[in-house]
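Reader: Hi! Could you walk me through this one? I'm new to reading structures.
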Amino acid sequence: MLFNNRSTDISTLERVIDYTPLTVAPAATVMAAITLMDGSEDLNAPTNPTRDRQNYSYVLVVDPNRPIGILTRRDVVKLVTAGTDLTTTKIAEVMTAPVMTMNITAITDAITALSVMQQHRIRHLPIVDECGLLVGMVTAEDLLQGYERLEPLASILPEQESGSSEIDRQSEASLFQSQQDLSDFVENAIGCLHWVAADGKIIWANQAELDLLGYTSAEYIGHYITEFHVNRTTIEDLLDRLLHDRAVREYEADLRCKDGSIRHVLIDANSSWHNGEFVRTRCFTRDITKRKQAEEDLKEFNAALSHAMEGIARLDLHGCYVWVNQAYAAAIGYTPAAMVGMDWQRTVHPEDLHTIELAYKQMLDLGKVEVAARGVRQDGSIFDKQLVMVMAVDSRQPSIGHYCFMKDVTDTKQAEADLIHSEHKFRAIFDSMSQFIGLLTPDGTFIEGNQAVFDAVAVDRAAIIGKPFWETPWWTHSPELQERVKAAVATAAAGELVRFESEHIWADGTPAVVDFSLKPMFDATGKVTMLIPEGRDITDRKRKEDILRNIALGVSAKTGAAFFQALVEYLTKALQVEYALISELLLPSQDRVSTVAAYGNGATLDRFEYALLDTPCQYTIDRQFYVCAEQLQQQFPNFALLSEISAQSYMGVLLRNSAGQPFGLICVLSCQPFSETQLMTEILNIFAARAAAEIERQQSEIELQRQKQDLARSNDELQQFAYVASHDLQEPLRMITSYLELLERRYKGQLDAQADMFIAYAVDGASRMQILINDLLNYSRVGRQDRNFEAVDCDPICAQVLTNLQVAISTNKAIVSADPLPRVYGNSSQLTQLFQNLIGNAIKFRSQEPPQIEINVRSIEGWWLFSVRDNGIGIENEYLDRIFVIFQRLHGKTEYPGTGIGLAVCKKIVERHGGNLWVESQPDRGSTFYFTLPPLLSTLC
């Protein structure tokens with residue numbers, strides 16, 4: 001706006017303040033500023049020396065609406081003279097800064113403004129409000145042209161740009177001496193320039209503009225600008241702004257290139273007016289396609305950061321949060337928005353504030369630092385976090401704050417603590433193990449071992465770790481053993497388990513025997529990754545085995561009293577004690593014991609008895625085991641025997657029978673204190689069990705012998721009774737039978753029918769009694785006969801039996817078949833009775849079909865197995881054992897006659913021959929009787 005009013009009123013500056021001054025952003029180039037300052041008519045028109053508001057002598061730099069610098073035409077002249085590239089140089093790099101401003105509330109008149117200009121030797125004075133935001137611009141020219149009374153004050157102002165030094169005037173003349181020179185300069189500028197007429201046609205464009213879009217001059221100039229804008233509303237909005245505001249700063253638009261691609265651009269434009277009418281638009285275009293793509297990438301990157309699993313935040317120079325992603329905020333218990341502006345100290349444990357401050361200082365020096373600290377959540381809970389702090393910088397200043405990458409490591413810290421605790425616990429267990437355990441690489445290098453490994457050879461850990469296993473002090477005492485271990489490592493490295501026994505010398509000089517193993521460990525692919533050597537000191541075990549072997553060899557062939565005497569003798573020698581006793585409790589009181597065997601001072605002791613009261617043996621009976629390693633006489637002063645034999649130590653074990661009842665004890669005594677009670681205890685317990693078993697065996701054997709004798713005597717008496725009874729009953733029974741038969745013959749039919757029936761019953765009963773007595777006599781004879789066994793051919797016996805049973809066979813139409821029968825070792829008369837009873841029963845217990853009887857035989861384990869199979873009525877399973885018991889009958893005497901002694905006789909005959917008799921049967925499908933008989937003596941031999 002141009003003020004030509006020469007009013008003398010100077011009370012206000014409102015009439016001369018330019019409220020729409022020419023402004024640019026700090027990132028704009030110098031060429032863009034020159035284009036905006038150029039307010040002349042068409043480049044081909046004559047130069048108009050008269051300055052108007054469309055031809056600025058300055059451009060004000062603002063960020064975003066605060067004046068931070070100024071660039072004048074005089075500054076441009078200096079830059080051109082210095083050869084500066086105006087198309088790439090940012091205005092922020094060459095502007096005059098800081099810029100002097102004046103608060104609009106502090107201005108009372110124009111003289112005040114001129115005074116400030118004179119004081120600071122400036123000709124441009126930005127006017128700002130109380131917040132420092134730009135209101136407008138006042139220049140010395142505006143004041144001098146608007147107020148005639150101020151013209152006398154012109155002498156106190158700094159020289160105008162046009163009135164500069166001779167050098168400046170010459171430089172300015174060289175730049176603007178002709179409009180043609182300026183046209184050439186703009187035409188060949190790297191920046192993109194184009195002018196658009198009021199009707200929307202492009203009336204001029206420089207080569208950079210054409211190159212940007214890929215058109216020729218003819219394809220671009222003369223065409224409407226809307227043809228090249230992707231969005232029509234964009235150009236309409238741009239023109240509307242220029243019509244109202246006359247200038248547009250950094251307007252984003254999309255232009256279509258000749259090849260169809262889209263270019264994103266920033267447009268700085270101002271409008272040219274003549275006599276109040278819009279003439280044209282001057283546009284400076286900057287290609288921001290790459291920047292837009294970078295911004296899109298940045299948006300995606302920021303979106304990714306916002307949803308990243310790791311907590312990420314940015315803090316300003318004052319330590320306040322500027323940006324926080326979701327993971328960071330959630331870890332502390334806030335929302336991202338709630339954390340913006342929050343001080344970092346609120347999120348750190350008070351005791352760790354100093355740690356973070358030190359880390360921050362290190363970051364300022366190094367650019368990056370990592371630190372661990374404790375965090376405080378919104379609810380006050382504490383958590384462990386790992387922070388990575390990275391300095392944030394831009395091109396204008398070295399630091400704008402820092403980024404903070406945070407990870408909640410509470411669980412990790414707890415897991416680490418648990419792991420450390422577990423490792424400590426494992427190490428404690430590992431080192432407390434009595435066996436020797438180590439770790440080797442597959443090539444045999446020793447890398448770790450438990451404490452027992454180092455204690456055994458009395459060396460430090462460092463002296464072994466890293467050495468080949470066969471070169472450690474374990475093996476160096478024997479070159480042969482070293483080679484053996486080296487070979488074992490090679491075998492284990494190939495995947496095989498190695499185990500052997502080796503002899504060693506411990507650090508204290510004692511010899512030892514070690515059970516050694518070398519175990520390979522594999523990974524998922526089956527490759528050997530580690531070898532684990534393990535050794536167990538088996539010196540005591542080997543010694544115990546030797547002791548047990550010696551004692552066992554000394555007593556193994558002995559039984560009874562000889563066993564006990566040998567045992568106590570070998571115990572004294574093996575355990576290196578003076579006395580050993582085996583004693584039995586005396587029944588029924590059990591308060592006294594009697595020695596079964598005793599040995600002392602190299603001689604067998606006579607058996608003796610003693611009371612248990614106030615003796616170590618009483619403790620043994622009460623406690624099942626008792627040991628007094630020293631001062632035995634002081635413990636039992638009333639037991640005189642101890643002082644007589646000078647005993648100083650005692651060990652006893654209770655003896656129990658198979659029912660768990662105590663019946664004795666085994667003990668050893670020494671004139672010296674015991675030194676190895678554990679080994680003695682193990683050995684004594686082993687032979688205590690053996691002694692108890694032998695005592696119980698003896699007792700059982702005695703009891704069995706007594707029962708056997710009682711049984712034999714009872715059997716003899718029973719057989720004698722049966723024989724005598726059956727023999728002596730024969731005579732009176734024959735007399736009764738004879739008189740009954742005589743009575744029947746003489747008086748049958750002479751008495752009534754009832755009397756005849758009574759006589760018949762009596763005769764029948766006497767006959768059956770006769771048969772029963774005969775069978776009983778036969779049964780008793782089987783047991784009383786001598787074992788006068790000999791070679792017996794079973795074929796003739798079977799033939800004789802079939803002859804004896806010819807009547808029954810013929811009557812019942814029975815068919816009897818037999819395999820060729822062998823010769824056996826037995827009694828021919830008893831075997832005849834055996835076959836006859838079995839075949840006779842097969843005929844007697846027939847079914848509706850004619851009897852079919854098969855006699856078979858085969859050899860099993862040197863014995864002959866006979867079978868007699870029939871197709872008779874069979875036997876229920878529940879009666880299979882009952883039929884062999886004497887007098888047991890399964891049927892009534894009217895249905896099947898007999899006394900029930902036949903099968904009992906058969907069983908007794910077979911058992912007398914040393915064999916067994918049994919039956920297999922199914923009802924209505926017949927039975928098979930099996931029995932075994934011994935072969936000839938020559939066959940057995």
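Author: Happy to. A polar contact is a pair of N or O atoms within 3.5 Å; within protein, one must be able to donate a hydrogen and the other to accept it, and residues adjacent in sequence count only if both atoms are side-chain atoms. This is a predicted model, where local features need pLDDT of at least 70 and side-chain atom pairs count only at pLDDT 80 or more, while totals for chains, interfaces and linings use all residues. Residues are numbered from 1 along each chain as its sequence is written, and side-chain values use heavy atoms, leaving out hydrogens and water.

Reader: Cool, so which side chain does Gln-565 make a polar contact with?
Author: The side chain of Thr-604, at 3.3 Å. Gln-565 itself sits in helix 19, residues 560–574 (helices are DSSP runs of H or I, at least four residues, and strands runs of E, at least two, numbered from the N terminus).

Reader: What else is Gln-565 in contact with?
Author: Beyond its neighbours within four places in sequence, its contacts are Ala-597, Ala-598, Tyr-599 and Thr-604; contact means heavy atoms within 4.5 Å.

Reader: New topic: is Met-31 buried or exposed?
Author: Met-31 counts as buried because its relative accessibility is 2% (buried is under 20% relative accessible area, exposed over 50%, partly exposed in between, with a 1.4 Å probe and protein chains only). Met-31 belongs to helix 1, residues 30–37.

Reader: And how far apart are Met-31 and Val-76 in space?
Author: Their C-alpha atoms are 9.5 Å apart, with their positions 45 residues apart in sequence.
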